[in-house]
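Hi everyone, thanks for coming. Please have a look at the sequence and the model on the screen, and then we'll walk through them together.

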Amino acid sequence: MKNIKQVILDRYQDKQNYEEIGNGIFKDLKNKRYVITLKFELEADEDSQYPLEDILDKYYVNCTSHIVEDGKIWK
């Protein structure tokens, strides 16, 4: 896994549904949870998002959606 970056999606600009907490973290007012979007690229020999899964488990983070763009996975 390489090029792990934070992405701020256009939908987070909707002030009725999202409140910016800081550092790219938003509160989803409708679902009462905190959200962040991460973008990364898999290495040529990778077929999964490991080691990101270990980091998510360590901090009790739940991924609820995936976005695939041009062969790249967006989370």
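Let's begin with one pair of residues: in S3, Glu20 has Phe26 as its bridge partner. Strands here, like helices, are DSSP runs numbered from the N terminus, with at least two residues (E) for a strand and at least four (H or I) for a helix. Two strands pair if DSSP finds at least two bridges between them.

A word on what you're looking at. This is a predicted model, where local features need pLDDT of at least 70, side-chain atom pairs count only at pLDDT 80 or more, and totals for chains, interfaces and linings use all residues. Residues are numbered from 1 along each chain as its sequence is written, and side-chain values use heavy atoms, with hydrogens and water left out.

How sure is the predictor? pLDDT is its confidence in each residue, from 0 to 100. The protein chain has a mean of 82, with 85% of its residues at 70 or more. Among the elements, strand S2 (residues 18-22) has the highest mean, 96, and strand S7 (residues 72-74) the lowest, 51.

Now the overall layout. There are 1 helix and 7 strands, and along the sequence they read β-β-β-β-β-α-β-β.

Back to our strands. S2, S3 and S4 make an open sheet of 3 strands, in the order S2-S3-S4, with antiparallel pairing. S2 and S4 (33-35) stand at the edges with a single partner strand each, so one side of each is left without a neighbour in the sheet.

S2 and S3 (residues 25-28) are joined by 4 bridges, and they form a hairpin with 2 residues between them, where Asn23 in the turn has a positive phi of about 55°. On the other side, 3 bridges join S3 to S4. That hairpin has 4 residues between the strands, and Lys32 takes a positive phi near 55°.

Follow Lys27 in S3: Glu19 stands opposite Lys27, and so does Tyr34 in S4. Lys27 is on the uncovered face of S3 with Ile25, while Phe26 and Asp28 are on the covered face.

What share of the 75 residues counts as buried? The answer is 21%, where buried means under 20% relative accessible area, exposed over 50%, and partly exposed in between (1.4 Å probe, protein chains only).

That's my tour; thanks for listening!

Note on methods: pLDDT is the predictor's confidence in each residue, from 0 to 100.
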